[in-house]
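Me: I am new to this structure. Please take a close look at one part, the interior, and then connect that part to the rest.

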Amino acid sequence: MNWITNFVRPKINSMLGRRDMPENLWIKDPESGEMVFHKDLEDNQYVIPSSGHHMKISARERLKFFFDDGEYETIENPKVMVDPLKFRDEKRYVDRLKDAKTKTSMEDAILSALGTIEGLPVVVTVQDFAFMGGSLGMAAGDAIIKAFETALERRRPLILFAASGGARMQEGILSLMQLPRTTVALDRLKEAGLPYIVVLTNPTTGGVTASYAMLGDVHIAEPGALIGFAGPRVIEQTIREKLPDGFQRSEYLMDHGMVDMVVSRLKMKATIAQLLKILLKMPVDAEAEAVPMPLVALPTEARPQA
Amino acid sequence: MYNYLDFEKPVADLEGKILELKKLAENGEAVDVGDEIARLEKRSRDALRDAYKALTPWQKVQVARHPDRPHCLDYVTALFTDFTPLAGDRAFGEDKAIVGGFARFQGQPIAVIGQEKGSDTKSRLEHNFGSPRPEGYRKAVRIMELADRFSIPLVTLVDTAGAYPGVGAEERGQAEAIARSTSTSLALKVPSISVVIGEGGSGGAIAIATANRVFMLEHAIYSVISPEGAASILWRDTTRSKDAATNMKITAQDLLALKIIDGIIPEPLGGAHRAPEAVIKSTGDLIARTLGEFTANPIDFREQRREKYLAMGRSL
């Protein structure tokens with residue numbers, strides 16, 4: 001690395017955009033080994049057409065695919081203290097952060113936005129695994145809280161796409177505190193009678209599952225996603241046995257009652273929009289411009305709570 | 001007499017000598033050793049003071065995990081009367097890694113929940129070394145909900161290396177159980193106090209550790225991942241646990257500075273295991289004082305607790 005690669009390349013990269021110059025025009029399906037043309041893959045939301053394998057996608061792509069016409073208004077994430085512990089392992093945490101920012105052109109692992117799905121106004125918050133494994137630290141925690149507060153203010157449902165290796169160890173105890181902090185924010189949304197939908201994507205593990213990712217009113221998983229609290233390696237070392245086939249994958253969690261459904265990315269919007277319109281008691285033919293019915297029919301106490 | 005830690009070696013040597021001399025005197029093989037014993041006892045006390053003067057984070061990890069350290073049930077037995085343990089999650093089973101129920105504290109009703117590590121091989125196995133499975137957290141939720149229904153304040157005693165990582169635990173929703181327990185404890189209308197008496201191991205601890213007031217024992221630790229885990233992931237080198245313990249800021253003193261906890265309970269010289277009654281009494285005194293504050297100033301405890309957590313990290 002020299003000053004040219006450090007300072008010049010990122011700028012050029014961000015001008016051109018990450019996906020505009022793929023290193024390979026052909027992308028390999030990790031399951032079947034089949035080569036797929038990148039344009040075909042993008043048109044299919046990065047789901048391999050033949051095998052149905054769901055590739056990881058960036059938060060921006062997620063929002064573009066999910067919202068009507070790919071249009072949305074970004075919610076600005078709060079500023080937080082950077083590197084509170086002055087942490088370094090093999091590398092300084094501030095340098096890891098800088099690298100992640102360059103790589104993803106994001107400020108941290110969360111991107112939230114306002115927009116509509118099949119005409120229904122919602123708040124969506126997405127975790128980007130490319131930013132330090134989607135790890136949950138103070139910045140991500142505050143961004144998630146802000147998204148829930150925005151949903152509460154505007155009386156909209158919130159849909160959260162989880163993708164994370166867990167808490168950001170470089171922030172120590174402050175990262176662990178994001179578990180209760182985000183929990184407070186989501187509980188307030190639920191208590192206001194607004195739905196909270198979690199979409200578990202590959203992978204969602206650790207502290208993230210032990211908080212907001214497992215506290216949805218409804219849990220939806222993308223096919224084949226790794227979802228679990230303890231990592232498979234840790235479990236294997238503890239019990240000294242081979243893990244069962246498909247352990248901690250979406251379909252396995254479905255069988256064990258941890259998720260309500262496993263849904264293809266291509267059907268995600270339609271599935272969630274249909275359910276939310278029922279929960280919000282919207283008329284069948286609700287179109288764009290639709291507003292949720294006022295929530296006055298039930299007294300607060302009688303409304304279903306968390 | 002004690003299980004000595006590596007940094008306590010000078011103390012171990014001196015106390016060993018004292019013990020030998022005492023034995024000799026008892027058997028009549030040595031006379032006039034009284035002065036020598038007194039001299040050695042003073043030296044041993046000084047050595048202990050030196051060893052504990054400025055414990056490193058890694059040494060605190062060792063003290064927090066000391067096998068003779070008083071555990072949850074030691075506190076429950078000493079501090080509470082009429083303890084009535086409750087069992088089971090009403091869905092799958094009973095997990096003894098978490099103990100809890102209702103009792104009286106200085107005559108007043110109290111709910112108590114804690115992780116119990118066990119104190120000998122048999123009880124350690126019985127309590128799964130204090131690493132709960134989902135059923136334990138679901139039992140905790142039951143007790144919290146009962147406490148709320150009957151307006152009884154809650155005390156939790158936190159001491160776990162972490163939630164148990166196993167196939168069954170995952171299948172039965174370890175993550176969901178922890179999340180639900182955290183959510184329930186944050187939403188309580190009754191006031192709550194949490195004391196980290198040993199190890200506060202990540203999500204497995206936080207599930208029962210969010211309270212209106214959170215205290216830590218002087219040599220307790222509380223962290224997002226074990227130092228060993230962090231060393232293996234961040235340094236890719238399991239021998240770097242000491243660095244991980246230092247850099248992650250896991251001591252009670254660190255957490256007070258970061259405004260994560262509300263206070264520290266001093267431990268006797270040489271750690272809680274050297275004088276369990278003393279540290280249990282200090283803990284009881286603090287619980288009494290804090291409950292007194294709650295009674296004198298009844299506020300919206302749920303709101304106070306929630307705002308306290310939302311504010312964390314915002315004023316560093």
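Reply: **The interior, starting from one residue**

Leaving out residues up to four places away in sequence, A:I117 touches A:F66, A:F67, A:D68, A:V122, A:I159, A:K269, A:I272, A:A273 and A:L276; a contact is a pair of heavy atoms within 4.5 Å. The model is a predicted one, in which local features need pLDDT of at least 70 and side-chain atom pairs count only at pLDDT 80 or more, while totals for chains, interfaces and linings use all residues. Residues are numbered from 1 along each chain as its sequence is written, chains are lettered from A and ligands numbered from 1 in the order in which they are written, and side-chain values use heavy atoms, with hydrogens and water left out.

A:I117 belongs to the largest nonpolar core, which has 157 residues, and is listed there with A:I159, A:I272 and B:Y222 as having the most contacts inside the core. Such a core is a set of buried Ala, Val, Leu, Ile, Met, Phe, Trp, Tyr and Cys residues joined through side-chain atoms within 4.5 Å. Buried means under 20% relative accessible area, exposed over 50%, and partly exposed in between, with a 1.4 Å probe and protein chains only. The largest share of the 157-residue core, eight residues, is supplied by helix 5 of chain A. A second core, separate and made of 15 residues, includes B:I18, B:L21, B:L48 and B:V63. In soluble globular proteins, nonpolar side chains tend to be buried together.

Helix 5 of chain A covers residues 138–153; helices (H or I, at least four residues) and strands (E, at least two) are DSSP runs numbered from the N terminus. Its 16 residues should span 22 Å at 1.5 Å a residue, and the end C-alpha atoms are 22 Å apart, which agrees; the expected span is 1.5 Å times one less than the number of residues. Twelve of the 16 are buried, so helix 5 is mostly covered. Among the buried ones are A:M138, A:I144, A:I145 and A:F148, and A:D142 and A:T150 are also on that list. Just after this helix, A:R155 has a positive phi of about 50°.

In chain B, helix 6 (residues 134–149) has 16 residues and reaches 23 Å between its first and last C-alpha, close to the 22 Å expected. Twelve of its residues are buried, so helix 6 is largely enclosed by the rest of the structure. They include B:Y137, B:V141, B:I143 and B:M144, and also B:E135, B:K139 and B:R142. Their cover includes strand 2 (98–105), strand 3 (108–115), strand 4 (154–160), helix 7 (167–171), helix 8 (174–186) and helix 9 (202–206) of chain B. B:S151, just after helix 6, takes a positive phi of about 50°.

Now the whole chains. Chain A contains ten helices and ten strands, and 54% of its 306 residues are buried. Chain B has 14 helices and eight strands, with 58% of its 316 residues buried. Of the chain B contacts between residues at least 6 apart in sequence, 72% join residues at least 24 apart; for chain A the share is 67%. The C-alpha atoms of chain B fill a box of roughly 65 × 50 × 40 Å along the principal axes.
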